[in-house]
Amino acid sequence: MGLTANLFVQKRSNATALKQPKEIGHYSRTQDNEFLVNDSSRLAYYYLPDTDLDKRLDLLSGIKKFKECNTDDFDSTTLHGLLSTLIEYEKRKGKKTKVDIITFRGIMRKLISSAFDSPQFNVVNLRVVSFDGQLFIKELKDASATEASSINKNRESMQAKAYYSGYKFETLATLSQPLPLVSRTTLEKRPKRLINNGDQYISLVRTGIGKCKILLGAEVDCIFDFKEDSDDNLKHYAELKCTTMVNTVADAHKFERKLFRTWLQCFLVGINRIIYGFRDEHFLLRSVEEFTTAEVPVILKNNNPQMQTSCVDAIKWYGAFTEWLLSSIPLDNENPTAVKAYRLIFENNHLKLSEIEAGDEEYASIVEGEAVLSNSFKEWRKSLHKQD
(Lines give C-alpha, C1' and ligand atoms only; values in the text may rest on other atoms or scores of the structure.)
Protein backbone atom coordinates (compact mmCIF):
# COMPACT_ATOMS: atom_id res chain seq x y z
CA MET A 1 0.00 0.00 0.00
CA GLY A 2 1.50 3.31 -1.11
CA LEU A 3 1.62 6.53 0.84
CA THR A 4 -1.59 8.52 1.31
CA ALA A 5 -2.23 11.77 3.20
CA ASN A 6 -5.09 14.25 3.59
CA LEU A 7 -5.25 17.96 4.38
CA PHE A 8 -8.61 19.53 5.24
CA VAL A 9 -9.28 23.09 4.08
CA GLN A 10 -9.96 24.31 7.63
CA LYS A 11 -6.28 23.83 8.47
CA ARG A 12 -4.25 26.99 9.03
CA SER A 13 -0.62 27.60 9.88
CA ASN A 14 1.02 30.18 12.13
CA ALA A 15 3.83 30.40 9.57
CA THR A 16 3.06 33.65 7.75
CA ALA A 17 6.61 34.92 7.26
CA LEU A 18 7.12 35.40 3.53
CA LYS A 19 10.38 35.43 1.62
CA GLN A 20 10.92 38.44 -0.64
CA PRO A 21 10.28 37.24 -4.23
CA LYS A 22 13.29 37.48 -6.53
CA GLU A 23 13.42 36.86 -10.27
CA ILE A 24 16.26 34.49 -11.21
CA GLY A 25 15.54 33.83 -14.88
CA HIS A 26 13.04 33.96 -17.71
CA TYR A 27 12.14 32.33 -21.00
CA SER A 28 9.85 32.84 -23.97
CA ARG A 29 7.52 30.19 -25.33
CA THR A 30 6.38 30.46 -28.93
CA GLN A 31 3.11 29.44 -30.55
CA ASP A 32 5.22 26.83 -32.41
CA ASN A 33 5.97 25.18 -29.06
CA GLU A 34 9.59 26.31 -28.74
CA PHE A 35 11.23 27.28 -25.45
CA LEU A 36 13.68 30.17 -25.78
CA VAL A 37 15.77 30.26 -22.59
CA ASN A 38 16.79 33.69 -21.25
CA ASP A 39 14.94 35.24 -24.19
CA SER A 40 12.54 38.17 -23.79
CA SER A 41 11.20 38.29 -27.36
CA ARG A 42 7.65 37.48 -26.15
CA LEU A 43 7.65 40.13 -23.44
CA ALA A 44 5.00 42.81 -24.07
CA TYR A 45 5.00 46.49 -23.08
CA TYR A 46 1.93 48.30 -21.73
CA TYR A 47 0.47 51.03 -23.90
CA LEU A 48 -3.17 52.07 -23.65
CA PRO A 49 -3.64 55.84 -23.71
CA ASP A 50 -6.88 57.27 -22.33
CA THR A 51 -7.85 58.48 -25.79
CA ASP A 52 -8.16 54.84 -26.94
CA LEU A 53 -11.13 54.38 -24.59
CA ASP A 54 -13.07 56.91 -26.69
CA LYS A 55 -12.76 54.57 -29.67
CA ARG A 56 -15.16 51.97 -28.17
CA LEU A 57 -12.69 49.18 -28.85
CA ASP A 58 -14.34 45.89 -29.78
CA LEU A 59 -13.09 43.03 -27.61
CA LEU A 60 -14.61 40.42 -29.94
CA SER A 61 -12.94 41.68 -33.10
CA GLY A 62 -10.98 38.84 -34.74
CA ILE A 63 -12.49 36.03 -32.64
CA LYS A 64 -13.00 33.78 -35.68
CA LYS A 65 -9.28 33.99 -36.47
CA PHE A 66 -8.12 33.39 -32.89
CA LYS A 67 -5.45 30.67 -32.72
CA GLU A 68 -6.11 28.40 -29.73
CA CYS A 69 -2.75 26.77 -28.99
CA ASN A 70 -3.82 24.59 -26.08
CA THR A 71 -4.16 21.45 -28.20
CA ASP A 72 -3.03 17.84 -28.01
CA ASP A 73 0.35 18.83 -29.48
CA PHE A 74 0.83 21.84 -27.21
CA ASP A 75 1.01 21.06 -23.50
CA SER A 76 0.41 24.42 -21.82
CA THR A 77 1.10 22.80 -18.44
CA THR A 78 4.58 21.41 -19.18
CA LEU A 79 7.47 22.16 -16.83
CA HIS A 80 10.12 21.57 -19.50
CA GLY A 81 10.71 25.24 -20.37
CA LEU A 82 11.00 26.14 -16.71
CA LEU A 83 13.43 23.27 -16.10
CA SER A 84 15.59 24.20 -19.13
CA THR A 85 15.87 27.73 -17.77
CA LEU A 86 16.71 26.39 -14.32
CA ILE A 87 19.50 24.25 -15.82
CA GLU A 88 21.10 27.32 -17.39
CA TYR A 89 20.82 29.25 -14.11
CA GLU A 90 22.43 26.39 -12.16
CA LYS A 91 25.21 26.08 -14.74
CA ARG A 92 26.05 29.77 -14.22
CA LYS A 93 25.99 29.34 -10.45
CA GLY A 94 27.73 25.97 -10.53
CA LYS A 95 25.33 24.44 -8.03
CA LYS A 96 21.79 23.21 -7.40
CA THR A 97 19.17 25.83 -6.53
CA LYS A 98 18.13 25.38 -2.91
CA VAL A 99 14.33 25.28 -2.98
CA ASP A 100 11.83 22.71 -1.74
CA ILE A 101 9.00 23.05 -4.29
CA ILE A 102 9.15 23.86 -8.01
CA THR A 103 5.95 24.58 -9.94
CA PHE A 104 3.96 27.28 -11.70
CA ARG A 105 2.26 30.20 -10.00
CA GLY A 106 -1.08 29.14 -11.50
CA ILE A 107 -0.84 25.76 -9.82
CA MET A 108 -0.04 27.28 -6.45
CA ARG A 109 -2.94 29.71 -6.87
CA LYS A 110 -5.26 26.77 -7.57
CA LEU A 111 -4.05 24.95 -4.49
CA ILE A 112 -4.58 27.99 -2.29
CA SER A 113 -7.93 28.79 -3.91
CA SER A 114 -9.16 25.25 -3.22
CA ALA A 115 -9.82 26.37 0.36
CA PHE A 116 -12.06 29.22 -0.83
CA ASP A 117 -13.62 28.34 -4.21
CA SER A 118 -16.29 25.86 -5.23
CA PRO A 119 -14.60 22.67 -6.55
CA GLN A 120 -16.40 22.87 -9.92
CA PHE A 121 -14.73 26.23 -10.58
CA ASN A 122 -11.29 25.20 -9.35
CA VAL A 123 -10.42 21.68 -10.42
CA VAL A 124 -7.28 20.37 -8.68
CA ASN A 125 -5.82 17.39 -10.53
CA LEU A 126 -2.06 17.49 -10.11
CA ARG A 127 0.98 15.24 -10.22
CA VAL A 128 3.79 15.65 -7.70
CA VAL A 129 7.24 14.21 -8.35
CA SER A 130 9.89 13.79 -5.68
CA PHE A 131 13.40 14.01 -7.15
CA ASP A 132 16.77 15.12 -5.82
CA GLY A 133 15.34 16.37 -2.52
CA GLN A 134 12.75 18.59 -4.20
CA LEU A 135 9.07 18.38 -5.14
CA PHE A 136 7.89 19.23 -8.67
CA ILE A 137 4.17 19.87 -9.20
CA LYS A 138 2.50 19.69 -12.61
CA GLU A 139 -1.12 20.02 -13.67
CA LEU A 140 -2.67 17.18 -15.64
CA LYS A 141 -2.80 18.38 -19.24
CA ASP A 142 -6.21 16.87 -20.01
CA ALA A 143 -7.97 19.13 -17.50
CA SER A 144 -6.77 22.38 -19.09
CA ALA A 145 -7.08 21.19 -22.69
CA THR A 146 -10.69 20.03 -22.31
CA GLU A 147 -11.95 23.51 -21.41
CA ALA A 148 -10.01 25.14 -24.24
CA SER A 149 -11.32 22.56 -26.71
CA SER A 150 -14.97 23.09 -25.77
CA ILE A 151 -14.59 26.88 -26.01
CA ASN A 152 -12.81 26.58 -29.35
CA LYS A 153 -15.66 24.55 -30.87
CA ASN A 154 -18.35 27.08 -30.01
CA ARG A 155 -17.03 30.59 -30.39
CA GLU A 156 -20.53 32.08 -30.24
CA SER A 157 -21.04 31.05 -26.62
CA MET A 158 -20.77 33.64 -23.86
CA GLN A 159 -18.02 31.54 -22.29
CA ALA A 160 -15.96 31.66 -25.49
CA LYS A 161 -16.52 35.39 -25.90
CA ALA A 162 -15.43 36.11 -22.32
CA TYR A 163 -12.39 33.84 -22.75
CA TYR A 164 -11.36 35.58 -25.98
CA SER A 165 -12.01 39.10 -24.70
CA GLY A 166 -9.29 38.66 -22.07
CA TYR A 167 -6.68 37.88 -24.73
CA LYS A 168 -8.01 40.70 -26.91
CA PHE A 169 -7.68 43.20 -24.06
CA GLU A 170 -4.07 42.13 -23.49
CA THR A 171 -3.34 42.61 -27.19
CA LEU A 172 -4.98 46.05 -27.35
CA ALA A 173 -3.16 47.18 -24.20
CA THR A 174 0.35 46.10 -25.17
CA LEU A 175 3.08 46.46 -27.76
CA SER A 176 5.71 43.89 -28.72
CA GLN A 177 8.46 46.52 -28.26
CA PRO A 178 8.93 49.68 -26.17
CA LEU A 179 6.93 52.61 -27.56
CA PRO A 180 9.91 54.56 -29.04
CA LEU A 181 10.69 51.56 -31.27
CA VAL A 182 7.14 51.16 -32.62
CA SER A 183 6.03 52.80 -35.86
CA ARG A 184 2.84 54.86 -36.13
CA THR A 185 1.47 52.31 -38.63
CA THR A 186 1.89 49.50 -36.11
CA LEU A 187 0.17 51.56 -33.42
CA GLU A 188 -2.80 52.25 -35.66
CA LYS A 189 -3.16 48.59 -36.67
CA ARG A 190 -3.24 47.23 -33.10
CA PRO A 191 -7.02 46.56 -33.13
CA LYS A 192 -6.52 44.28 -36.16
CA ARG A 193 -3.69 42.18 -34.76
CA LEU A 194 -4.38 38.43 -34.92
CA ILE A 195 -4.28 36.75 -31.54
CA ASN A 196 -2.91 33.46 -30.26
CA ASN A 197 -2.38 32.19 -26.73
CA GLY A 198 0.82 30.28 -27.45
CA ASP A 199 3.30 33.15 -27.33
CA GLN A 200 4.22 33.60 -23.66
CA TYR A 201 6.87 35.22 -21.50
CA ILE A 202 7.56 33.34 -18.26
CA SER A 203 9.52 34.60 -15.27
CA LEU A 204 11.21 32.29 -12.73
CA VAL A 205 10.73 33.64 -9.23
CA ARG A 206 12.32 32.34 -6.03
CA THR A 207 10.11 32.92 -3.01
CA GLY A 208 8.71 31.01 -0.05
CA ILE A 209 6.71 30.95 3.15
CA GLY A 210 7.86 29.95 6.62
CA LYS A 211 10.67 27.43 6.24
CA CYS A 212 9.55 26.35 2.76
CA LYS A 213 11.53 27.71 -0.20
CA ILE A 214 9.67 27.78 -3.51
CA LEU A 215 10.49 28.39 -7.17
CA LEU A 216 7.52 29.52 -9.26
CA GLY A 217 7.23 30.01 -12.99
CA ALA A 218 4.82 32.85 -13.78
CA GLU A 219 3.53 34.03 -17.13
CA VAL A 220 4.01 37.81 -17.27
CA ASP A 221 1.46 39.90 -19.16
CA CYS A 222 3.62 42.98 -19.69
CA ILE A 223 6.20 45.51 -18.57
CA PHE A 224 4.33 48.54 -17.23
CA ASP A 225 6.99 51.21 -17.56
CA PHE A 226 10.48 50.11 -18.57
CA LYS A 227 12.72 47.05 -18.44
CA GLU A 228 16.01 47.16 -16.59
CA ASP A 229 19.11 45.32 -17.75
CA SER A 230 19.27 43.56 -14.38
CA ASP A 231 18.11 40.00 -13.81
CA ASP A 232 15.15 41.11 -11.67
CA ASN A 233 12.32 43.12 -13.21
CA LEU A 234 9.50 42.07 -10.89
CA LYS A 235 8.75 45.65 -9.84
CA HIS A 236 8.18 46.63 -13.48
CA TYR A 237 5.70 43.87 -14.38
CA ALA A 238 1.91 44.25 -14.49
CA GLU A 239 -1.01 41.81 -14.51
CA LEU A 240 -3.76 42.48 -17.06
CA LYS A 241 -7.36 41.35 -16.57
CA CYS A 242 -10.66 42.01 -18.32
CA THR A 243 -14.12 41.70 -16.78
CA THR A 244 -17.68 43.00 -16.97
CA MET A 245 -18.58 46.47 -15.76
CA VAL A 246 -19.62 46.93 -12.14
CA ASN A 247 -23.11 48.44 -11.91
CA THR A 248 -24.72 46.89 -8.83
CA VAL A 249 -23.76 45.71 -5.35
CA ALA A 250 -23.94 42.13 -6.61
CA ASP A 251 -21.58 43.05 -9.45
CA ALA A 252 -19.22 44.64 -6.94
CA HIS A 253 -19.07 41.51 -4.78
CA LYS A 254 -18.51 39.35 -7.86
CA PHE A 255 -15.66 41.60 -8.92
CA GLU A 256 -14.15 41.54 -5.43
CA ARG A 257 -13.96 37.75 -5.59
CA LYS A 258 -12.13 38.05 -8.93
CA LEU A 259 -9.87 40.73 -7.48
CA PHE A 260 -8.98 38.40 -4.61
CA ARG A 261 -7.85 35.68 -7.06
CA THR A 262 -5.86 38.25 -9.05
CA TRP A 263 -4.27 39.55 -5.85
CA LEU A 264 -3.24 35.99 -5.04
CA GLN A 265 -1.62 35.56 -8.46
CA CYS A 266 0.40 38.74 -8.08
CA PHE A 267 1.17 38.37 -4.39
CA LEU A 268 2.71 34.93 -4.91
CA VAL A 269 5.48 36.25 -7.18
CA GLY A 270 5.79 39.90 -6.15
CA ILE A 271 4.06 41.64 -9.07
CA ASN A 272 2.96 45.03 -7.72
CA ARG A 273 0.52 46.33 -10.34
CA ILE A 274 -2.90 45.06 -11.51
CA ILE A 275 -4.73 46.64 -14.46
CA TYR A 276 -8.39 45.79 -15.11
CA GLY A 277 -10.26 46.53 -18.31
CA PHE A 278 -14.05 46.74 -17.94
CA ARG A 279 -16.32 45.75 -20.85
CA ASP A 280 -20.02 46.39 -21.42
CA GLU A 281 -22.68 43.85 -22.49
CA HIS A 282 -21.63 44.32 -26.13
CA PHE A 283 -17.99 43.50 -25.29
CA LEU A 284 -16.84 47.05 -25.91
CA LEU A 285 -14.00 48.31 -23.68
CA ARG A 286 -15.45 51.10 -21.54
CA SER A 287 -12.92 51.83 -18.80
CA VAL A 288 -9.60 50.81 -17.27
CA GLU A 289 -8.66 50.85 -13.60
CA GLU A 290 -5.31 50.28 -11.94
CA PHE A 291 -4.69 48.75 -8.51
CA THR A 292 -1.58 48.09 -6.50
CA THR A 293 -1.31 44.57 -5.15
CA ALA A 294 -0.72 45.95 -1.63
CA GLU A 295 -4.01 47.88 -1.57
CA VAL A 296 -6.27 44.94 -2.52
CA PRO A 297 -6.50 43.46 1.02
CA VAL A 298 -7.56 46.90 2.29
CA ILE A 299 -10.19 47.23 -0.45
CA LEU A 300 -11.65 43.83 0.39
CA LYS A 301 -11.60 44.50 4.12
CA ASN A 302 -13.38 47.85 3.75
CA ASN A 303 -15.96 46.84 1.15
CA ASN A 304 -16.91 43.21 1.66
CA PRO A 305 -17.58 41.89 5.18
CA GLN A 306 -17.43 38.31 3.88
CA MET A 307 -13.88 38.84 2.61
CA GLN A 308 -12.38 40.84 5.47
CA THR A 309 -9.90 38.13 6.39
CA SER A 310 -9.59 36.35 3.01
CA CYS A 311 -6.05 37.52 2.25
CA VAL A 312 -4.70 36.65 5.71
CA ASP A 313 -6.52 33.30 5.58
CA ALA A 314 -4.98 32.59 2.18
CA ILE A 315 -1.48 33.15 3.53
CA LYS A 316 -2.13 30.90 6.54
CA TRP A 317 -3.53 28.15 4.29
CA TYR A 318 -0.53 28.59 1.95
CA GLY A 319 1.73 27.94 4.95
CA ALA A 320 -0.34 24.97 6.09
CA PHE A 321 -0.32 23.39 2.63
CA THR A 322 3.44 23.69 2.11
CA GLU A 323 4.18 22.36 5.62
CA TRP A 324 1.84 19.41 5.04
CA LEU A 325 3.23 18.53 1.62
CA LEU A 326 6.86 18.60 2.75
CA SER A 327 6.10 16.54 5.85
CA SER A 328 3.96 14.01 3.93
CA ILE A 329 6.49 13.01 1.26
CA PRO A 330 9.63 11.38 2.66
CA LEU A 331 12.99 12.24 1.10
CA ASP A 332 15.07 9.32 -0.17
CA ASN A 333 18.49 10.15 1.27
CA GLU A 334 19.87 6.78 0.17
CA ASN A 335 19.06 7.44 -3.50
CA PRO A 336 18.35 11.19 -3.96
CA THR A 337 17.98 10.98 -7.75
CA ALA A 338 15.29 8.31 -7.59
CA VAL A 339 11.93 9.47 -8.94
CA LYS A 340 8.71 8.96 -6.98
CA ALA A 341 5.30 10.14 -8.15
CA TYR A 342 2.06 11.14 -6.42
CA ARG A 343 -1.44 12.32 -7.30
CA LEU A 344 -2.75 15.44 -5.61
CA ILE A 345 -6.46 16.07 -5.98
CA PHE A 346 -9.20 17.98 -4.16
CA GLU A 347 -12.31 16.15 -3.02
CA ASN A 348 -14.83 16.31 -0.17
CA ASN A 349 -13.34 19.42 1.42
CA HIS A 350 -9.77 18.16 1.52
CA LEU A 351 -6.61 17.75 -0.54
CA LYS A 352 -5.71 14.11 -1.03
CA LEU A 353 -2.18 12.93 -1.77
CA SER A 354 -1.64 9.33 -2.95
CA GLU A 355 1.43 7.56 -4.28
CA ILE A 356 1.50 6.36 -7.89
CA GLU A 357 2.97 2.87 -7.73
CA ALA A 358 4.47 0.53 -10.32
CA GLY A 359 1.66 -0.97 -12.38
CA ASP A 360 -0.37 2.23 -12.44
CA GLU A 361 -1.10 3.40 -15.99
CA GLU A 362 0.67 6.71 -15.34
CA TYR A 363 3.72 5.28 -13.58
CA ALA A 364 5.96 4.73 -16.61
CA SER A 365 5.33 8.13 -18.22
CA ILE A 366 5.95 10.03 -14.98
CA VAL A 367 8.69 8.02 -13.26
CA GLU A 368 10.58 6.69 -16.29
CA GLY A 369 9.42 9.11 -19.00
CA GLU A 370 9.16 12.88 -19.40
CA ALA A 371 5.55 13.56 -18.40
CA VAL A 372 6.78 15.78 -15.56
CA LEU A 373 10.60 15.98 -15.52
CA SER A 374 12.62 16.24 -18.72
CA ASN A 375 15.41 13.74 -19.26
CA SER A 376 17.86 16.62 -19.72
CA PHE A 377 16.99 17.96 -16.27
CA LYS A 378 17.35 14.55 -14.62
CA GLU A 379 20.72 14.03 -16.29
CA TRP A 380 21.86 17.51 -15.28
CA ARG A 381 21.09 16.92 -11.63
CA LYS A 382 22.72 13.50 -11.69
CA SER A 383 25.85 15.10 -13.16
CA LEU A 384 25.97 17.51 -10.22
CA HIS A 385 25.99 14.56 -7.82
CA LYS A 386 28.90 12.99 -9.70
CA GLN A 387 30.88 16.22 -9.19
CA ASP A 388 30.40 16.08 -5.39
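## A strand pair to start from

Phe104 has Gly217 in β10 as its bridge partner. That match belongs to the pairing of β5 with β10, two strands that run parallel and are joined by four bridges. Everything described here comes from a predicted model, so please read each detail in that light.

On to the pairing of β10 with β9. Here the two strands run antiparallel, and eight bridges join them. Ile202 stands opposite Glu219 in β10. The two strands make a hairpin with two residues between them, and Gly210 there takes a positive phi near 60 degrees. How much of β10 is covered? Mostly covered is a fair description of β10, as six of its eight residues are buried.

## The sheet as a whole

Let us step back to the sheet. It is an open one built from 10 strands, and its pairing is mixed. Reading across, the order is β1-β16-β15-β6-β7-β5-β10-β9-β2-β3. Which strands stand at the edges? They are β1 (4-8) and β3 (35-37); each has a single partner strand, so one side of each has no neighbour in the sheet. On average, and ignoring direction, neighbouring strands are turned by 25 degrees against each other.

As general background, the strands of a sheet pair through backbone hydrogen bonds, in either a parallel or an antiparallel way.

## The β1 end of the sheet

At this edge, β1 pairs with strand β16 (residues 350-356) in the antiparallel sense, over five bridges. Two of the matched positions are easy to find in the model: Ala5 has Leu353 in β16 as its bridge partner, and Phe8 stands opposite His350 in β16.

β16 also pairs with β15, again in the antiparallel sense, this time over seven bridges. Ala341 stands opposite Ile356 in β16. β15 and β16 form a hairpin with two residues between them, and Asn348 in the turn has a positive phi of about 50 degrees. Because five of the seven residues of β16 are buried, this strand is largely enclosed by the rest of the structure.

## Helices against the sheet

Which helices lie against these strands? One of them is helix α1 (residues 80-93), which lies across β2 (18-29), β3, β5 (101-104), β7 (134-139), β9 (200-209) and β10 (212-219). Relative to β2, α1 runs at about 110 degrees.

Helix α8 packs on the sheet too, and its contacts include β1, β2, β5, β7, β9 and β10, along with β15 (340-347) and β16. The direction of α8 makes about 170 degrees with that of β1.

## Helices packed on α8

Helix α2 (residues 105-113) packs with helix α8 (residues 310-328) at an angle of about 105 degrees, and their axes are 9 Å apart. α2 and α8 are therefore roughly perpendicular to each other. On the α2 side, the residues that take part are Met108, Leu111 and Ile112; they meet Ala314, Trp317, Tyr318 and Phe321 in α8. By class, this contact has seven nonpolar residues, with no polar and no charged ones.

Helix α6 (residues 249-269) is another partner of α8, packing at an angle of about 50 degrees with the axes 11 Å apart. That angle makes α6 oblique to α8. The crossing of α6 past α8 is right-handed. Phe260, Trp263, Leu264, Phe267 and Leu268 in α6 meet Ser310, Cys311, Ala314, Ile315 and Tyr318 in α8. The residues of this contact divide into nine nonpolar and one polar, with no charged residue. Ala314 and Tyr318 are worth a look on screen, as they appear in the contact with α2 and in the contact with α6.

## A glycine in β13

Finally, have a look at Gly277, which is found in strand β13 (residues 273-279). Is Gly277 buried or exposed? Its relative accessibility is 0%, and because buried means under 20%, Gly277 counts as buried.

What does Gly277 touch, leaving aside residues up to four places away in sequence? Its contacts are Phe169, Lys241, Cys242, Thr243, Leu285, Ser287 and Val288. Of these, Thr243 is 34 residues from Gly277 in sequence, with a C-alpha to C-alpha separation of 6.4 Å in space.

Note on methods: Residues are numbered from 1 along each chain as its sequence is written. This is a predicted model: local features need pLDDT of at least 70, side-chain atom pairs count only at pLDDT 80 or more; totals for chains, interfaces and linings use all residues. Side-chain values use heavy atoms; hydrogens and water are left out. Axes are lines fitted to C-alpha atoms, for helices over the stretch in contact, and angles run from 0 to 180 degrees between N-to-C directions. Angles under 35 degrees count as roughly parallel, over 145 as roughly antiparallel, 65 to 115 as roughly perpendicular and the rest as oblique. Contact means heavy atoms within 4.5 Å. Ala, Val, Leu, Ile, Met, Phe, Trp, Tyr, Cys and Pro count as nonpolar, Asp, Glu, Lys and Arg as charged, and the others, Gly among them, as polar. Two strands pair if DSSP finds at least two bridges between them. A crossing is left-handed if the near helix is turned anticlockwise from the far one by less than a right angle, and right-handed if clockwise. Buried means under 20% relative accessible area, exposed over 50%, partly exposed in between (1.4 Å probe, protein chains only).
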